[in-house]
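The exercises below are to be worked with the sequence and the 3D structure at hand. Each task is followed by a solution in steps.

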Amino acid sequence: MIPALRVRRLFHAVENHQGVDVSPAVVEPSLNEHTDAVREALAPLAAFGGWKRTEYEFGDPLQTAYALSRVSDALIYKFQPLLPPGSEIPWAHDIHQPECWPQITRDQYLAAFARLGMAPIGDVAFEPFFHEVVHVEQDEHPEAPVEITGTVWPGLMFGEMLFSRAGVTVRAGARHLVAGIADRSPLHDVFMRRYREETFDGSLAWGSNSQWETDFRRDYLTDTAFHFAIDADPDSDRDSLGKPRRLTPAERSDLVRHRCVTRPLQDPDAWRSAYPGGRLTLSRRPS
């Protein structure tokens, strides 16, 4: 069986597990059987520039990584806060019933993914490459920089590739992040979150088999740059239909980096059409 299907079965086993012992009952036995095959399938993705799709093949590394990201999303779901009172229940939640998903401890989660070659993101200053904003405490000073105030779940790197961002609470000035937008707007390239009303990863609205043909979004950290969404087309002032994009270049850059809108848009009517539009490379100082 190809590794992507093995990981897909693990997701369904986690999703359907009843009880609090999901790690020893489901995750560990699956890894005991499939770790080597899954790790080998993912290995080409670890280095920036190490793999590129030349022709489509079901279950290739991007689809294997996507399936594993869904396992991760299921395991970290109960770490997250509930939707604010009065929020609409996302229709994806009606389909998957994530409130019934089992809970795992932080140590169990990290140990499971360590077996697949993942390493936790360390204690670093806020950077949207590494961090997903779960809650914003608004600083009274608009220019106040973003400061991490807590970690909700750990993030993971697979070599140079980002596997999953750490969920964090922050304090920030409105010049950088706006409470109620940066922590509530639709989140892209993510399967499921407990605290957001909308997430999008390309699988939604597809059938039980077709949804698993979704590609994992690849972001990479190298000595000189952050590389976001490397498999996407280059950014453009026009959308796929040739119509002018309604977001400014800065707004498009922020959307790719944060995977969501973080501040009011220059054109308020562009809100519903705001989605990441292309790959992005930003220089960084060597660590």
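The model is predicted.

**Exercise 1. Two packed helices**

Task: Determine the handedness of the crossing of α2 and α5, and decide whether these helices are roughly parallel to each other or not.

Solution:
- Step 1. The crossing of α2 with α5 is right-handed.
- Step 2. On the α2 side, the contact is made by Ser23, Pro24, Val27, Leu31 and Arg39; α5 contributes Gln108, Ala112 and Ala114.
- Step 3. Sorted by class, the contact between α2 and α5 has five nonpolar residues, two polar and one charged.
- Step 4. Helix α2 covers residues 22-42 and helix α5 residues 106-114; they pack at an angle of about 20°, and their axes are 10 Å apart.
- Step 5. Angles under 35 degrees count as roughly parallel, and α2 and α5 are therefore roughly parallel to each other.

**Exercise 2. A strand and its partners**

Task: For strand β10, find which way the side chains point and which residue of β11 stands opposite His227.

Solution:
- Step 1. Strand β10 comprises residues 225-228. Ala225 and His227 point one way, Phe226 and Phe228 the other way, and all are buried.
- Step 2. This fits the general rule: in a regular strand, side chains alternate between the two faces of the sheet.
- Step 3. Strand β9 (residues 220-221) runs antiparallel to β10 and is joined to β10 by two bridges. Leu221 has Phe226 of β10 as its bridge partner.
- Step 4. The connection from β9 to β10 is a hairpin through three residues.
- Step 5. β10 also pairs with β11, in the antiparallel sense and over four bridges. The residue of β11 opposite His227 is Thr281.

**Exercise 3. Two loop residues**

Task: Classify Thr262 and Lys52 as buried or exposed.

Solution:
- Step 1. Thr262 lies in the loop that runs between α6 (249-258) and β11 (280-283).
- Step 2. The relative accessible area of Thr262 is 4%. Buried means under 20%, so Thr262 is buried.
- Step 3. Neighbours within four places in sequence left aside, Thr262 is in contact with His176, Leu177, Val178, Ile181, Ala182 and Asp254.
- Step 4. Lys52 is in the loop between α2 and α3 (61-76).
- Step 5. Lys52 has a relative accessible area of 67%. Exposed means over 50%, so Lys52 is exposed.
- Step 6. Lys52 and Leu62 are ten residues apart along the chain, and their C-alpha atoms are separated by 9.6 Å.

Note on methods:
Residues numbered from 1 in each chain as written. Predicted model: local features only at pLDDT ≥ 70, side-chain atom pairs only at ≥ 80, totals over all residues. Heavy atoms only, no water. Buried < 20%, exposed > 50% of the residue type's maximum accessible area, 1.4 Å probe, protein only. Contact = heavy atoms within 4.5 Å. Axes fitted to C-alpha atoms, helices over the stretch in contact; angles between N-to-C directions. Parallel < 35°, antiparallel > 145°, perpendicular 65-115°, else oblique. Left-handed = near helix turned anticlockwise from the far one by under 90°. Nonpolar A, V, L, I, M, F, W, Y, C, P; charged D, E, K, R; others polar. Pairing = 2+ DSSP bridges.
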